[in-house]
Amino acid sequence: MTTGVSTRTGGQILRVLIALFFLVAAGMKFAGTAFEVSGFQRFGYPLWFMYAVGALQVVGALLLAMRGTAALGAALLAVIMLGAVGSHLRAGDPVTMAIPALILLVVLAGIAVLRRPAGRGGRRAA
């Protein structure tokens, strides 16, 4: 039986692309772009929180891109996306505005489950 080299490679490419997306998003927060500042103000969050989220995005992206810590990085970024979805809904935005964050949340949760370390039984779920 094959080990699914193309599946592994596809998974690695997906993780790296998502990590790059979050590094760009963090860069926009650190640069204080008008889009990010106005969004955090609209949600009612203090400006320092934008920088904290950006820092967590960098950490999550780096963890996601590395093989041994991908599950942890995906879980951290999924929590951030859960907060993004909640922020949109709490602010009264149309549900369609929360859909990109929701899609990322689902994908990241899937990565977190699939890439989690082996448990006590020595086997990881597929």
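## Pocket lining

By class, 21 nonpolar, six polar and three charged residues line the largest pocket. This is a predicted model.

The space in this largest pocket comes to about 770 Å³. In total, 30 residues line the pocket. Closest to its centre are Lys29, Glu36, Met81, Ala84 and His88. Five helices each give two or more residues to the lining: helix 1 (5-31), helix 2 (34-43), helix 3 (47-65), helix 4 (70-90) and helix 5 (95-114). Helix 4 supplies the largest share, with eight residues.

## A buried salt bridge

The structure has two salt bridges. One of them joins Lys29 and Glu36. Their closest N and O atoms are 3.3 Å apart.

Are these partners buried or exposed? Lys29 has a relative accessible area of 6%, so it counts as buried, being under 20%. Glu36 has 8%, so it is buried too. Both residues also appear in the list of those closest to the centre of the largest pocket.

## A bridge between distant parts

Arg42 and Asp93 form a salt bridge through their side chains, with 2.6 Å from N to O. This pair links distant parts of the chain. Arg42 sits in helix 2, while Asp93 lies in the loop between helix 4 and helix 5. The two are 51 residues apart.

How accessible is each partner? Arg42 has 42% relative accessibility, so it counts as partly exposed, between 20% and 50%. Asp93 has a relative accessible area of 12%, so it is buried.

Definitions and conventions:
Residues numbered from 1 in each chain as written. Predicted model: local features only at pLDDT ≥ 70, side-chain atom pairs only at ≥ 80, totals over all residues. Heavy atoms only, no water. 1 Å grid on protein atoms, 1.4 Å probe; cavity = no way out; pocket = protein on both sides within 12 Å on 5 of 7 lines; lining within 4 Å. Points joined across faces, edges and corners; volume = space filled by probe spheres on them. Helix = DSSP H or I, 4+ residues; strand = E, 2+ residues; numbered from the N terminus. Nonpolar A, V, L, I, M, F, W, Y, C, P; charged D, E, K, R; others polar. Salt bridge = Lys/Arg side-chain N within 4 Å of Asp/Glu carboxyl O. Buried < 20%, exposed > 50% of the residue type's maximum accessible area, 1.4 Å probe, protein only.
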